[in-house]
Amino acid sequence: MGLNMKKMREKYAALKNRSGGSKGNFWRPQDGEQTIRIVPTADGDPFKDFWFHYNLGKEPGFLSPKKNFGEEDPLNDFIRMLYKGGTEDEIKMAKSLNARQRFFAPVVVRGEEDQGVRIWGFGKQAYEKILNLVLNPDYGDITDVSDGHDLVVKYGKPPGAQFPQTDITPRPRKTPLVADSARAKEMVDGVPDFKDLFTRKTPSEVQAILDEFLLSEQDAEEVSSETTKYSNKATDVDKAFGELL
C-alpha cells in the first residue's frame, strides 16, 4: 500500500504550523505597500492578543505569566516594587519593563500564497483600524472565504516621524481567499493554534531571567561608577596642572 500523500502534506503543514513560533510562520510588512487577506478562524475571532515583557537583558520578549495566565510572576512583583519606590529612575525602569500588548491575526499575503497562512503581529493602532473595518457595515465580513476583502497595508516611516506607521485600507472589490475552494478550506484548517505560537515560561524561569538582568544592571552601574571616578580624578589632575602653570 502506497503513501497517502494528502495525509503526508497535512501532517507537514501541521508540523510547520505548530513549530512554536518559528520565524517562518510569522509575517511582518516591509517598507511600502503589500496586500494581505485575513483568514477566518473556527471560533469566529481571528484576532488574538498577548502581553509581552521586553527590555529584559538579552531576552527578545516573552509572555507575561501574570497578564496572560494569572500566574505567579516575579517580574510583575518587581515592577510593582519599583513603582512603590517612587524615584525617577525606578519608575523609568518599571515603565520599560511593563508588559506590552500585541495583537495577532492569521493572514495570507498576496503574491506569496504558496507560503500558506502566516501570523501577523501588530500594535494597538493597527488593531483599531482593522476593527473599524470589521464593524463597518459597508464591507460586511472582510474575512469571508468566498466574498471578503483584501487589505492594503502601507508600512513605513514618514518624513520627520520617529517610528514607522501602518496604514490599512480595504480593497473595494470583494474577492475569494483563493480561487480553489479546496485550497481555501485547507488554508482555513491550517490556521495554527495561537496557544502554541509562543513558549510559556514558568515563574522560576522568569525569576532566573530577572536575576540575570539585575546582575548585569549592577555590573553596568559599577563600571559606570568606576568611569565617573576616573573621570573625576582626571579633572582634578587637570585642575592641579592648571593652577601650577
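Beyond its neighbours within four places in sequence, Asp-141 is in contact with Asp-147 and Gly-148. The model is a predicted one. Asp-141 belongs to the loop between helix 5 and strand 7. Its relative accessibility is 45%, so Asp-141 counts as partly exposed. The side chain of Asp-141 also makes a polar contact, at 2.7 Å, with the side chain of Thr-143. Pro-40 is 101 residues away along the chain, yet the C-alpha atoms of Asp-141 and Pro-40 are separated by 9.5 Å.

**Cores**

The largest nonpolar core has 18 residues. Ile-36, Trp-120 and Phe-122 have the most contacts inside this core. Strand 2, strand 5, strand 6 (118-122), helix 5 and strand 7 (151-156) each give two or more residues to the core. A second, separate core has 16 residues, including Phe-104, Val-117, Ala-184 and Leu-197. In soluble globular proteins, nonpolar side chains tend to be buried together.

Trp-120 has a long contact list, not counting residues up to four places away in sequence. Among its partners are Trp-27, Pro-29, Ile-36, Phe-103 and Phe-104. Others include Ala-105, Val-107, Ile-130, Val-153, Thr-166 and Ile-168.

**Aromatic pairs**

The count comes to 13 aromatic pairs. Two of them share Tyr-127.

| Pair | Geometry | Centre to centre | Angle between planes |
|---|---|---|---|
| Phe-47 and Tyr-127 | edge-to-face | 6.0 Å | 65 degrees |
| Phe-103 and Tyr-127 | stacked | 4.0 Å | 15 degrees |

Phe-47 lies in the loop between strand 2 (32-38) and strand 3 (48-53), and Tyr-127 lies in helix 5 (residues 124-134), so their pair ties together parts that are 80 residues apart in sequence. The stacked pair also links distant parts of the chain. Phe-103 sits in strand 5 (residues 100-109), 24 residues from Tyr-127 in helix 5.

Are these rings buried or exposed? Phe-47 has 9% relative accessibility, so this residue counts as buried. Phe-103 and Tyr-127 are buried too.

Ring pairs also build a cluster. Its members are Phe-26, Phe-50, Phe-52, Tyr-54, Phe-104 and Phe-198. Phe-104 thus recurs: this residue is in the cluster, in the second core and among the contacts of Trp-120.

**Charges over rings**

Which residue has its charged end over the ring of Trp-51? Lys-67 does, at 4.5 Å from the ring centre. Arg-200 lies over the face of Phe-69, and the distance to that ring centre is 3.5 Å.

Definitions and conventions:
Residues numbered from 1 in each chain as written. Predicted model: local features only at pLDDT ≥ 70, side-chain atom pairs only at ≥ 80, totals over all residues. Heavy atoms only, no water. Phe/Tyr/Trp six-rings, centres within 6.5 Å; stacked < 30°, edge-to-face > 60°. Helix = DSSP H or I, 4+ residues; strand = E, 2+ residues; numbered from the N terminus. Buried < 20%, exposed > 50% of the residue type's maximum accessible area, 1.4 Å probe, protein only. Lys NZ or Arg CZ within 6 Å of the ring centre and 35° of its normal. Core = buried A, V, L, I, M, F, W, Y, C linked by side-chain atoms within 4.5 Å. Contact = heavy atoms within 4.5 Å. Polar contact = N/O pair within 3.5 Å; in protein donor to acceptor, adjacent residues only side chain to side chain.
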